[in-house]
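Grab a pencil and work through a few short exercises on the model shown here. Each one comes with a solution you can check step by step.

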Amino acid sequence: MYGKGRTAARAIGPVLGILLLAGCADGGDDPFAIDPNAAATGAAPVAKGPGPTATAGRPTADSAPPSRTPEQAQALAASLALTPEDWGTGFVRQSTYEFAGETFTDYAADCTQRTVPLPPSLVGQWVRQVQLPGGAQATVLPSGSTAVLVHTDVRGAREQVRNAHQVKDRCPTRTYPDGTRAKDTPGAAQPTFAEADEAFAEEGLMYPKDGGEPYPYVVVTVRKDTVVMSSYFSAPDAARLSEVRDRTTQAARLMLDRLVRK
């Protein structure tokens with residue numbers, strides 16, 4: 001059930017660790033609170049990304065949708081996560097491209113990242129990571145990531161979103177094991193998806209461990225029934241925040257459209 005790729009980064013928030021990656025030139029890192037638990041690829045690590053920000057969503061009943069086996073849930077997750085072609089012209093796979101994992105990450109009292117077991121309601125998940133190649137001297141590349149997490153019931157999916165909200169409120173600045181920091185910018189514009197039961201966005205700045213210039217990131221997360229989908233995008237220039245917002249929102253929109261059509 002689990003992929004064999006490896007990422008140096010762990011990912012975000014407690015039970016909703018979802019997307020956090022800003023790519024170092026062809027890095028093999030990913031976001032999410034998912035740990036692929038596999039061997040290193042030898043690629044340079046990708047800068048980490050933050051956890052999402054939650055907002056109140058449209059109320060939904062806890063009536064259970066059709067149950068899925070682990071195989072069905074995993075197949076659904078893999079069918080929704082985006083490929084480079086889905087992101088647009090010029091995008092390519094990161095060196096660690098896709099995987100599922102066996103652990104999530106949470107944050108300690110001092111807001112440093114730590115690894116925790118998967119929630120018992122999670123039955124399937126998949127992550128794909130892409131980047132937009134730059135010049136030979138580029139050290140940070142525009143990077144995107146999508147994660148799909150399938151739960152056994154609506155309650156588990158809603159709890160994932162709730163936990164992410166709590167992390168954002170408790171830890172507006174998060175620190176990763178290598179020293180990279182993600183700092184949330186309050187007041188992010190919130191997306192509207194009519195078909196979603198919950199939708200929220202977070203944006204902010206990533207501060208590289210080496211003290212380089214911070215760069216903007218955006219995370220958009222939507223929940224539909226028992227499925228939670230998140231998209232992440234970052235670019236190495238604060239002036240590109242509008243593009244980062246657009247790409248992240250479009251990626252979430254595409255995943256939701258695919259789910260609705262199934």
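**Exercise 1.** Work out whether Asp 225 is buried, partly exposed or exposed.

*Solution.* Start with the cut-offs: buried means under 20% relative accessible area, exposed over 50%, and partly exposed in between (1.4 Å probe, protein chains only). Asp 225 has 34% relative accessibility, so it counts as partly exposed. Next, place it: Asp 225 is in the loop between strand S12 (215-224) and strand S13 (227-234). Helices (H or I, at least four residues) and strands (E, at least two) are DSSP runs, numbered from the N terminus. Finally, check the backbone: phi of Asp 225 is positive, about 55°, although the residue is not a glycine.

A word on the source: this is a predicted model, where local features need pLDDT of at least 70 and side-chain atom pairs count only at pLDDT 80 or more, while totals for chains, interfaces and linings use all residues. Residues are numbered from 1 along each chain as its sequence is written, and side-chain values use heavy atoms, leaving out hydrogens and water.

**Exercise 2.** Find the disulfide partner of Cys 111 and give the handedness of the bond.

*Solution.* A disulfide is a pair of cysteine sulfur atoms within 2.5 Å. The sulfur atoms of Cys 111 and Cys 171 are 2.1 Å apart, and the two form a disulfide. The count by this rule is 1 disulfide. The torsion about the S-S bond is about -80°, so the disulfide is left-handed. It links distant parts of the chain, 60 residues apart: Cys 111 is in the loop between S4 and S5, and Cys 171 in the loop between H3 and strand S9 (173-175). Both Cys 111 and Cys 171 are buried. Cys 111 has a relative accessible area of 10%, and its phi is near 70°, a positive value in a residue other than glycine.

**Exercise 3.** Check whether the length of helix H3 (residues 154-170) agrees with its residue count.

*Solution.* The expected span is 1.5 Å times one less than the number of residues. For the 17 residues of H3 that gives 24 Å, and the end C-alpha atoms are 24 Å apart, which agrees. Among the buried residues of H3 are Val 154, Gln 160 and Lys 168.

**Exercise 4.** Classify how helix H1 (residues 70-80) packs on helix H4 (residues 241-261).

*Solution.* Axes are lines fitted to C-alpha atoms, for helices over the stretch in contact, and angles run from 0 to 180 degrees between N-to-C directions. H1 and H4 pack at about 135°, with axes 9 Å apart. Under 35 degrees counts as roughly parallel, over 145 as roughly antiparallel, 65 to 115 as roughly perpendicular, and the rest as oblique. H1 is therefore oblique to H4.
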